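Reader: Could you take me through one part of this model up close, strand by strand, and then show me how the rest hangs together? I'd like the cut-offs spelled out as you go.

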Amino acid sequence: MPAAVLIVIAAALGFFYNHAKQVNQTVLEDKKKAEELALDGAYKEAEKILDKASTQRPDYQALQRSLSTLHSVQGMEDDLDTVEKLIEENELDKALEELAQVNKQMRDQGNRLVVTLTPRLNQLDSRITVGKINNEVKELTKIDELADKLNTLSGLDLEEAARAREKITEKIVSISTKQAEEAMTEKNYNEAIASVDEGLQYVINHEKLLQLKERVEQEKKAFEQEKQDRMERAMEQQAMEEMKNRREAIEVLDISASKDEFGDVTIEGEVQSEATSIISSIEITYDILNEDDEVLESDTAQVYPMYLNPEDKGSFEQIYYDFEKEEKISVEVTNVQWFVE
């Protein structure tokens, strides 16, 4: 009997030892598997495996620590879900505050599992940045300010960032185009080109801006050519006016000779300025003729007033007492002189 009892006890102990060993091995394998799943982000599946292993070895502290860490990470993931919802509602300040708290928790724990949340945390942080920029862009009206936002977005590999960059690009093109069009209206073509170039500095080879720049340059060239033509025409006109002022500034409207009852002869006449500027010191030279058209005398008369504006009239008069014997007297202008002021 004693020997039989000992054999039974030894067999039972062996069975329980082997069973316990097998359970321990299974628990360790489950723990490892759960950790791998958790590191891949499969938190729910990892939790089920750890819960099952914990029922088999409730006193295994390593399992409890793994479960505690997993629950903590799941809590932070829920917080990140809250952050994402706040972003979608455009509550960006609240989202940023909540994200900062999650980031602090992650730094405080600093284990391998917490690190799995880092990509999502960074993504949400980038989305907040993009959201803030989208809100700010609505109020910006200067190209350099928009360019700063464009630079901020350049390092963000997000679909939202790509859309924001496109939106900023469109606004830069719009502002550059508007400034250039306004400058062209004022004929400030250099300023218009500078506005287009400023836009092209940040939106390189943009087709609309390139076409606009080409149009500005064409209009500038046409304007400068027209300006040159106007200058040449003005110079020609000025030359013609100067020529006229030198050669045809005075028109003699009338000149006549009359004899009174005493035999005195009066020569009088009227002139008009055809010049484009003021002329002065006008002298009329004339011949006094008898009835046979013989020159009795040549003389010069001064026109008054001394200064004539364009289209003004002046007159002159001379009296002679030496032609009493002449029956008929006439007069003929031979020369006109003047000064151009």
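Author: Let's start where I279 stands opposite L308 in β5. I279 belongs to β3, the strand of residues 279-289, and β5 covers residues 307-308. Strands here are DSSP runs of E, at least two residues long, while helices are runs of H or I with at least four residues, and both are numbered from the N terminus. The two strands run antiparallel and 2 bridges join them; strands count as paired if DSSP finds at least two bridges between them.

Before going on, a word on ground rules: this is a predicted model, so local features need pLDDT of at least 70 and side-chain atom pairs count only at pLDDT 80 or more, while totals for chains, interfaces and linings use all residues. Residues are numbered from 1 along each chain as its sequence is written, and side-chain values use heavy atoms, with hydrogens and water left out.

Back to β3, which has other partners too. Strand β7 (residues 330-340) runs antiparallel to β3, and 9 bridges join the two. Along that pairing, L289 stands opposite S330 in β7. Strand β4 (residues 295-302) is also antiparallel to β3, with 7 bridges between them, and there I284 stands opposite A301. β3 and β4 form a hairpin with 5 residues between the strands, where D293 takes a positive phi near 60 degrees.

How much of β3 is covered? Mostly covered is the short version: 8 of its 11 residues are buried. Buried means under 20% relative accessible area, exposed means over 50%, and partly exposed is anything in between (1.4 Å probe, protein chains only). As a rule of thumb, side chains in a regular strand alternate between the two faces of the sheet.

Now for the helices. The largest nonpolar core has 28 residues, and those with the most contacts inside it are L146, L153, I168, I172 and V216. By nonpolar core I mean a set of buried Ala, Val, Leu, Ile, Met, Phe, Trp, Tyr and Cys residues joined through side-chain atoms within 4.5 Å. The elements giving two or more residues to this core are α6 (118-137), α7 (143-153), α8 (159-185), α9 (189-202) and α10 (207-247). Helix α8 supplies the largest share, 9 residues. If you zoom in on L153, you'll find that L153 touches V130, I133, A161, A164, R165 and I168, leaving out residues up to four places away in sequence; a contact means heavy atoms within 4.5 Å. Apart from that core lies another one, of 22 residues, among them A275, Y286, L308 and V331. L308 is the residue we met opposite I279.

There's also 1 aromatic pair in the structure. Y189 and F223 make a tilted pair, 5.4 Å centre to centre with 45 degrees between the planes. For rings of Phe, Tyr and Trp (its six-membered ring), a pair needs centres within 6.5 Å; planes under 30 degrees apart count as stacked, over 60 as edge-to-face, and the rest as tilted. The pair links distant parts of the chain, with Y189 in helix α9 and F223 in helix α10, 34 residues apart. Y189 counts as buried because its relative accessibility is 5%, whereas F223, at 23%, counts as partly exposed.

On to charges: the structure holds 12 salt bridges, each a side-chain nitrogen of Lys or Arg within 4 Å of a carboxyl oxygen of Asp or Glu. One of them joins the side chains of D81 and R120 (2.6 Å, N to O). D81 lies in helix α3 (residues 61-88) and R120 in helix α6, so this pair ties together parts 39 residues apart in sequence. R120 also forms a salt bridge with E84, the closest N and O atoms being 2.7 Å apart. E84 sits in α3 as well, so that link spans 36 residues in sequence. D81 is partly exposed at 37% relative accessible area, and E84 is partly exposed at 24%. D81, E84, R120, R127 and E160 are linked in a network of salt bridges.

Elsewhere, R215 forms a salt bridge with E181, their closest N and O atoms 2.5 Å apart. R215 is in α10 and E181 in α8, so the pair ties together parts 34 residues apart in sequence.

Finally, confidence: the chain's mean pLDDT is 82, and 80% of its residues reach 70 or more. pLDDT is the predictor's confidence in each residue, from 0 to 100. Over residues 14-21 pLDDT stays under 50, and the model has 1 contact beyond four places in sequence for that stretch.
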